[in-house]
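Here is a walk through one protein model, piece by piece. Keep the picture open while you read.

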Amino acid sequence: MEKVYTNIENIRNRILSVAKGKEITLVAVTKTFPVEDMEKALKCNITDIAESKIQEALPKLDVLCKKNLLANVNKHFIGHLQSNKAKKAVLNFDLIQSLDSVELAKHINRHAKDINKVQKCLIELKVSQETTKSGVSIQQLEEIYDYCLNNCPNILICGIMTIAPFFDDKEQVRPYFKLARKVYSDIKQKTNNKNFKILSMGMSDDFEIAIQEGSNMVRIGSAIFGERNYDKQKVL
């Protein structure tokens, strides 16, 4: 636990050094890491955790729930969400950060309505041309936002999420965060949605620049838990 604790304290100090008094939500990204690591993070007062695959997340969340460790924890889904997994996402996650189509919105809205829930979502903006990155264009984002506003009473759009490309020179990532901030600000200015207040951008390699450019939610995984082993991930 000592390593996780030290890493979390280090991340929090680094956030404070660039936040300039602004409140930043630290989301611990626990994908591919075992449930034991999740427990360590929660014992360090982490209040937000994120997973990216339904089939991996549910067994871990079940273990934590049985140990009564999730009562005050916000659960984020950050991976690409297939429509046929929307029901499980709605049932198990507080915030879906990867809304990327009108079709997916229809499924989320329907499943949320079935359980009398208003599902909080972020629309995922694609700021680069990388084929490995998910998300939508600015125009598509606005279309999804308008569709949800007018047709999905069981979805609450709370902001935008984005993933910037990786650069060895971290300063090269700054224009991508600037673009996301502009899109976020433009929508915020022309909407009456007071809940549109989350700009989720920045990960282990670039979160300080993301905060400088306006992020108020950062998603940190490897800087807390260590390098991921995608070939031999331990789920339980």
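Phe-196 is buried, at a relative accessible area of just 1%. In this predicted model, Phe-196 belongs to an aromatic cluster together with Tyr-145 and Tyr-184.

Searching the whole structure turns up 5 aromatic pairs. Let's start with Phe-33 and Phe-225: their ring centres sit 5.0 Å apart and their planes meet at 40 degrees, so this pair counts as tilted. The two partners come from distant parts of the chain, 192 residues apart, with Phe-33 in the loop between E1 and H2 and Phe-225 in helix H9 (residues 222-225). Phe-33 is buried, with a relative accessible area of 5%, and Phe-225 is buried too, at 9%. Now for Tyr-184 and Phe-196: here the centres are 5.4 Å apart and the planes are at 20 degrees, so the pair is stacked. Tyr-184 lies in helix H7 (residues 174-189) while Phe-196 is in the loop between H7 and strand E7 (198-200), so the pair ties together parts that are 12 residues apart in sequence. Tyr-184 is buried as well, with a relative accessible area of 7%.

Next, the nonpolar cores. The largest one has 66 residues, and the ones with the most contacts inside it are Ile-15, Leu-99, Ile-108, Ile-157 and Ile-160. Helix H1 (residues 2-19) gives the most to this core, contributing 6 residues. There is also a second, separate core of 10 residues, including Val-29, Met-161, Ile-198 and Met-217. As a general rule, nonpolar side chains in soluble globular proteins tend to be buried together.

What does Ile-157 touch? Leaving out residues up to four places away in sequence, Ile-157 is in contact with Leu-99, Cys-121, Ile-123, Tyr-145, Cys-148, Asn-193, Asn-195 and Phe-196. Two of those names should ring a bell: Tyr-145 and Phe-196 are in the aromatic cluster.

Ile-108, another of the residues with the most contacts in the largest core, is one of the buried residues of helix H5, along with Leu-104, Ala-105, His-107, Asn-109, His-111 and Ala-112. The buried residues of H5 pack against quite a list of elements: helix H4 (86-92), strand E4 (95-99), strand E5 (119-125), helix H6 (138-151) and strand E6 (155-162). A helix has 3.6 residues a turn, so residues three or four places apart point the same way. How far apart are the end C-alpha atoms of H5? They are 19 Å apart; at 1.5 Å a residue, the 13 residues of H5 (residues 102-114) should span 18 Å, so the two values agree. After H5 comes Asn-116, with a positive phi near 55 degrees.

On to the strands. Strand E1 (residues 25-29) is mostly covered, with 4 of its 5 residues buried. E1 pairs in the parallel sense with strand E8 (residues 217-220), over 4 bridges, and also in the parallel sense with strand E2 (residues 48-51), over 2 bridges. Ala-28 is a handy landmark here: it stands opposite Ile-220 in E8, and its bridge partner in E2 is Ile-49. Put E1, helix H2 (residues 35-43) and E2 together and you get a right-handed β-α-β unit.

Ile-49 shows up again in the surroundings of Lys-75: not counting residues up to four places away in sequence, Lys-75 touches Ile-49, Leu-61, Leu-70, Asn-92, Phe-93, Asp-94 and Leu-95. Lys-75 lies in strand E3 (residues 74-77). Is Lys-75 buried or exposed? Its relative accessible area is 15%, so with the cut-off for buried at under 20%, Lys-75 counts as buried.

Two loop residues look quite unlike that. Here they are side by side:

| Residue | Place | Relative accessible area | Phi |
|---|---|---|---|
| Lys-20 | loop between H1 and E1 | 79%, exposed | positive, about 50 degrees |
| Asn-68 | loop between helix H3 (54-66) and E3 | 61%, exposed | positive, near 60 degrees |

Neither Lys-20 nor Asn-68 is a glycine, and most residues other than glycine have a negative phi. For a sense of scale, Lys-20 and Ser-83 are 63 residues apart in sequence and 40 Å apart in space, C-alpha to C-alpha.

Conventions. Residues are numbered from 1 along each chain as its sequence is written. This is a predicted model: local features need pLDDT of at least 70, side-chain atom pairs count only at pLDDT 80 or more; totals for chains, interfaces and linings use all residues. Side-chain values use heavy atoms; hydrogens and water are left out. The expected span of a helix is 1.5 Å times one less than its number of residues. Buried means under 20% relative accessible area, exposed over 50%, partly exposed in between (1.4 Å probe, protein chains only). Contact means heavy atoms within 4.5 Å. Two strands pair if DSSP finds at least two bridges between them. A crossover is right-handed if, with the strands pointing away from the viewer, the path from the first strand over the helix to the second runs clockwise. Rings of Phe, Tyr and Trp (its six-membered ring) pair if their centres lie within 6.5 Å; planes under 30 degrees apart count as stacked, over 60 as edge-to-face and the rest as tilted. A nonpolar core is a set of buried Ala, Val, Leu, Ile, Met, Phe, Trp, Tyr and Cys residues joined through side-chain atoms within 4.5 Å.
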